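Here are a few notes to read alongside the model. Keep the 3D view open while you go through them.

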Amino acid sequence: MSEQLDAVDAKILDLIQHDASLSVAEIAERVGLSSSPCWRRIKRLEDAGIIQRRVTILDREQLGLGFEVYCTVKLSLPTKENLEQFETSIVRWAEVVQCATVTGAADYELRIVTRDMHAFDDFLRDKILSLGLVSNIESRIVIRGVKNTTAVPLGMVSPYVSPHG
């Protein structure tokens with residue numbers, strides 16, 4: 001649908017991906033529409049699946065969840081059944097905030113958030129390793145985050161939005 005995004009759609013998407021708390025009236029004013037047509041555009045973008053959901057981003061540090069780790073996981077035997085069992089488990093575990101299948105020597109890349117090193121160790125032992133599916137885990141502890149955004153680069157698909165966000 002990116003080829004069908006006009007200037008107004010692109011601007012609406014850019015606004016709400018940076019601040020989902022904006023009201024329809026505020027968005028409409030910023031894109032030069034009245035509220036009703038703006039709401040219809042937002043609804044159309046939701047129905048098309050371009051807007052998947054709207055969320056609030058929390059400060060993990062202030063909540064005591066400042067320990068972040070990236071793990072590459074290799075399964076002992078990456079059969080269809082084992083992949084499905086691993087993915088079903090991963091989806092249930094709140095500590096895993098991102099999971100992707102990847103190419104190369106590993107099968108998965110996980111981003112894990114916990115309270116501290118001990119909570120991470122418990123997570124590895126009690127959840128991932130207890131599955132009996134994993135042959136190797138390589139963990140990289142995040143020292144300092146440099147960039148963390150949920151905004152997609154709309155400027156790459158629309159000339160109506162700055163390529164720099």
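1. Let's begin towards the C-terminal side of this predicted model. Ser158 sits in the segment that follows β4 (134–141). Its relative accessible area comes out at 2%, and anything under 20% counts as buried, so Ser158 is buried.

2. Ser158 also has a partner from far away in the sequence. Asp6 and Ser158 are 152 residues apart along the chain, yet their C-alpha atoms are 8.0 Å apart in space.

3. Now have a look at the largest pocket, which has a volume of about 1700 Å³. Its lining takes in 46 residues, and those closest to the pocket's centre are Val55, Ile57, Thr149, Thr150 and Ala151.

4. Which helix or strand gives the largest share of that lining? It's α1, with four residues. At least two lining residues each come from α1 (7–18), β1, β2 (96–101) and β3 (108–114).

5. As for the chemistry of the largest pocket, its lining splits into 23 nonpolar, 13 polar and ten charged residues.

6. Last, the surface. Leu58 lies in the loop that runs between α3 (35–47) and β1 (67–75). Is Leu58 buried or exposed? With a relative accessible area of 58%, and the cut-off for exposed being over 50%, Leu58 is exposed.

7. Leu58 doesn't stand alone out there: together with Leu63 and Leu65 it makes up a nonpolar surface patch, and the three share about 290 Å² of accessible area.

Definitions and conventions:
Residues are numbered from 1 along each chain as its sequence is written. This is a predicted model: local features need pLDDT of at least 70, side-chain atom pairs count only at pLDDT 80 or more; totals for chains, interfaces and linings use all residues. Side-chain values use heavy atoms; hydrogens and water are left out. Patches are made of residues with over 30% relative accessible area and no salt bridge: like charges are joined within 9 Å, nonpolar side chains (Val, Leu, Ile, Met, Phe, Trp, Tyr) within 5 Å. Accessible areas come from the Shrake-Rupley method with a 1.4 Å probe; for residues, only the protein chains shown count as cover. A salt bridge is a side-chain nitrogen of Lys or Arg within 4 Å of a carboxyl oxygen of Asp or Glu. Buried means under 20% relative accessible area, exposed over 50%, partly exposed in between (1.4 Å probe, protein chains only). On a 1 Å grid over the protein atoms alone, a cavity is a set of points where a 1.4 Å probe fits but cannot get out, and a pocket is an open set with protein on both sides within 12 Å along at least five of seven lines; lining residues have an atom within 4 Å of a point. Grid points are joined across faces, edges and corners, and a volume is the space filled by probe spheres set on the points. Ala, Val, Leu, Ile, Met, Phe, Trp, Tyr, Cys and Pro count as nonpolar, Asp, Glu, Lys and Arg as charged, and the others, Gly among them, as polar.
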